[in-house]
Amino acid sequence: MENNSLPSSTRHSRVKWVWTNLKGRRAFYCLGIMGSITFNVMQLTIPFFVAKLIDTFIDNENAAYNLEHNRQLFYIYLAAMVGLTLIRTVIVYGTGMIFESVSQWFLYKIRNFLYDKVQRQDMNFYSTFRTGDLMTRMTGDLDAVRHMIAWVIKTIIESVALYTATMVYFFFMDWLLASILLVISPLIFIVILQFRKDVGPKHALLREKLSGLNTDAQENISGNRVVKAFAREKYEIEKFDKGNSEYSETNQTTALTWLKYYPAIETFANLMPIILLVVGGIFIIDGRLSTGQFAAFSGLIWAIANPMRSLGSIMNEFQRFKAASAKIMEIYYSEPKIKDDPKALDLPDRFKGRVEFKNVSFKYEDGKLPVLENISFTVEPGETLAIMGETGCGKTSLIHLIPRFYEVTGGQVLVDGHDVRQMKLHQLRKNIGLATQDVLLYSDTIDGNIAYGDEHLPKNEVVKFARYSAASDFIAKMPEGYDTIIGERGVGLSGGQKQRISLARALAIRPSILILDDTTSAVDMETEKEIQESLKHLDFPCTKIIIAQRISTTKNADKIMVLQNGHITEMGTHEELVKKRGYYWSLVSLQTGEEV
Ligand code: DUT
Ligand code: MG
């Protein structure tokens, strides 16, 4: 899935990526980290004061004397323990809030950024990535990254802080005992590294499975009509079930991996108190260690053992983050190939609408054969060009080159005399009203769909454009008129009705170039005639490029172009082409049923 426009995410360090994107909350985040360190170090205070209490007031030759004459110290120790515990609770609460809010902020920011990125990609991107996969990246994967910021990093810091502080304290009390306890640590690290190697690929696989499952679900739900039409529900349900159980199994194997390593880690962790009991006991007998110190050691031994136990879940989550962030960074750093030239021309907002193709050739990136070859023609402002030709001859491909959805592989496409590659994409596309071959409407009101390209379009204008496209009659008959909400992809409308709304939408931006790709194919002859008539009398200047199959649609055009196998084979007015007795003439004979 990697090509030149999508640089491999491994080139960017993940942690650096997170850090860069924390900009704006870095200080706050560091405050959270400091808080985490502080309250973990503070965990030592209770055992510290307990040791002091024991050694002064219990296990001391002068214990009774101390209790009588140094009672104040006793209270100070107690008050310090209570006070520090309270402070620690406040810090725990505060840092929890910081990590949560920073990670939510990060999630929000990156999600918006990714959405923006995806919106600005070119057609190539959309044929590379599947919708379900993109959705996984923007939901599940992002959450794994948020979890890294909110939980993984916090837990790592807490574990390291607690472990280090305790070890320092242990060394301070008795370096020999502390060193003996430390001997086990390298063993634990070897086991954890092995675990990492084992579980890493599993997380990557798990993530792929989830994405596949989402893609299947998304494609089936949006293509449900096809599933129903072919009565393939059972097949689709079984297919999903297979994917689902595979995902579930992978999930289990990933989760179970830790169980292989857990006994070793648990044994090492449990060895700690045993070593302490044996060696500590000997040291007390030898008089090397006081009872209070021993109490401090055993009261804190968990602070050494627990971080070791949590290494497993930390490593698990870290591997999940690794798999997810790679996917996110792939989108994050992807650049559309078709984008504004830094030296793009600044042209007047409204174009005149002259379109010229100069020796244009075109081939899809994944295609073997050229789709268009050596195409040259000109449409003057205000003129109408009709394009005809057999299915698959390259009509849609040709018109997609005008808004620069794809880049020509040879020659030039010029609008108002400028190469489209030198124009600002936004400006170019704002001037083009396009009604595509497969109509896609949004789940919105009819009004909202027509005014999609110009949200401030007043109601009476919406009605006017609906009238131009012969849609006003059927809209008026709908229960809530223009406020009727149509479903996803225009559910609730007929094919011809959808086409007419799509035409109204293309007209509503008052384009200087109007492109209709088979837009009236599903409309009856009578309605089509009506549309033809209103297109002639639009209240704004407009060049029209119309792809159609019907002679009735094309015969009044200023120019008719016949495309065959990616070449222009005929070009002229209706009369000229009829005289030529070529492809166009044969179409006329076929459609009118008479020799002309
Ligand atoms: N093609 C691709 N990739 C695409 C779209 C099309 O390889 O993303 C191929 C299919 C076909 C040729 O390009 O062989 C031309 O397709 P186009 O859609 O331009 O044909 P059309 O003239 O618009 O056909 P129709 O009348 O069926 O809409
Ligand atoms: Mg087409």
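Me: Which residue stands opposite Ile560 in β12?
Reply: A note on conventions: this is a predicted model whose residues are numbered from 1 along each chain as its sequence is written, with chains lettered from A and ligands numbered from 1 in the order in which they are written. Local features need pLDDT of at least 70, side-chain atom pairs count only at pLDDT 80 or more, and totals for chains, interfaces and linings use all residues; side-chain values use heavy atoms, leaving out hydrogens and water. Strands (E, at least two residues) and helices (H or I, at least four) are DSSP runs numbered from the N terminus, and β11 pairs with β12 (residues 567-572) in the antiparallel sense over 5 bridges, where pairing takes at least two DSSP bridges. Facing Ile560 in β12 is Gly572.

Me: Which residue of the β11 and β12 hairpin takes a positive phi?
Reply: Let's look at the turn: 2 residues lie between the strands of this hairpin. The one with a positive phi, near 50°, is Asn565.

Me: What is the bridge partner of Ile387 in β11?
Reply: β11 (residues 559-564) also runs parallel to β3 (residues 384-388), joined to that strand by 4 bridges. Within β11, Ile387 is partnered by Met561.

Me: Which strands stand at the edges of the sheet?
Reply: The open, mixed sheet has 6 strands in the order β6-β9-β10-β3-β11-β12. Each edge strand has a single partner, so one of its sides is left without a neighbour in the sheet. The edges are β6 and β12.

Me: What angle does the direction of α22 make with that of β11?
Reply: From one strand of the sheet to the next, the twist averages 15°. Helix α22 (residues 583-592) packs on the sheet, touching β3, β11 and β12, with contact meaning heavy atoms within 4.5 Å. Taking lines fitted to C-alpha atoms (for helices over the stretch in contact) and N-to-C angles from 0 to 180 degrees, the angle with β11 is about 100°.

Me: Which residues are the protein donors of the magnesium ion?
Reply: Donors are N, O and S atoms within 2.8 Å of the metal (3.2 Å for Na, K and Ca), and sites may look incomplete because water is not among the atoms. Here the donor atoms, OG1 and OE1, lie 1.9 to 2.2 Å from ligand 2. One donor residue is in helix α13 and the other in the loop between β6 and β7, 41 residues apart. They are Thr396 and Gln437.

Me: Are those donors buried, partly exposed or exposed?
Reply: Buried means under 20% relative accessible area, exposed over 50% and partly exposed in between, with a 1.4 Å probe and protein chains only. Thr396 comes to 22% and Gln437 to 39%. Both therefore count as partly exposed.

Me: How far apart are the axes of α7 and α8?
Reply: Helix α7 (residues 131-173) and helix α8 (residues 175-182) pack at about 140°. Their contact includes Phe170 and Phe171 of α7 and Trp175 and Leu181 of α8. The axes are 6 Å apart.

Me: Which residue just after α16 takes a positive phi?
Reply: First, the helix itself: the buried residues of α16 (residues 459-468) include Val462, Phe465 and Tyr468. Its buried residues pack against α15, α17, α18 and α19. Just past α16, the residue with a positive phi of about 55° is Ala470.
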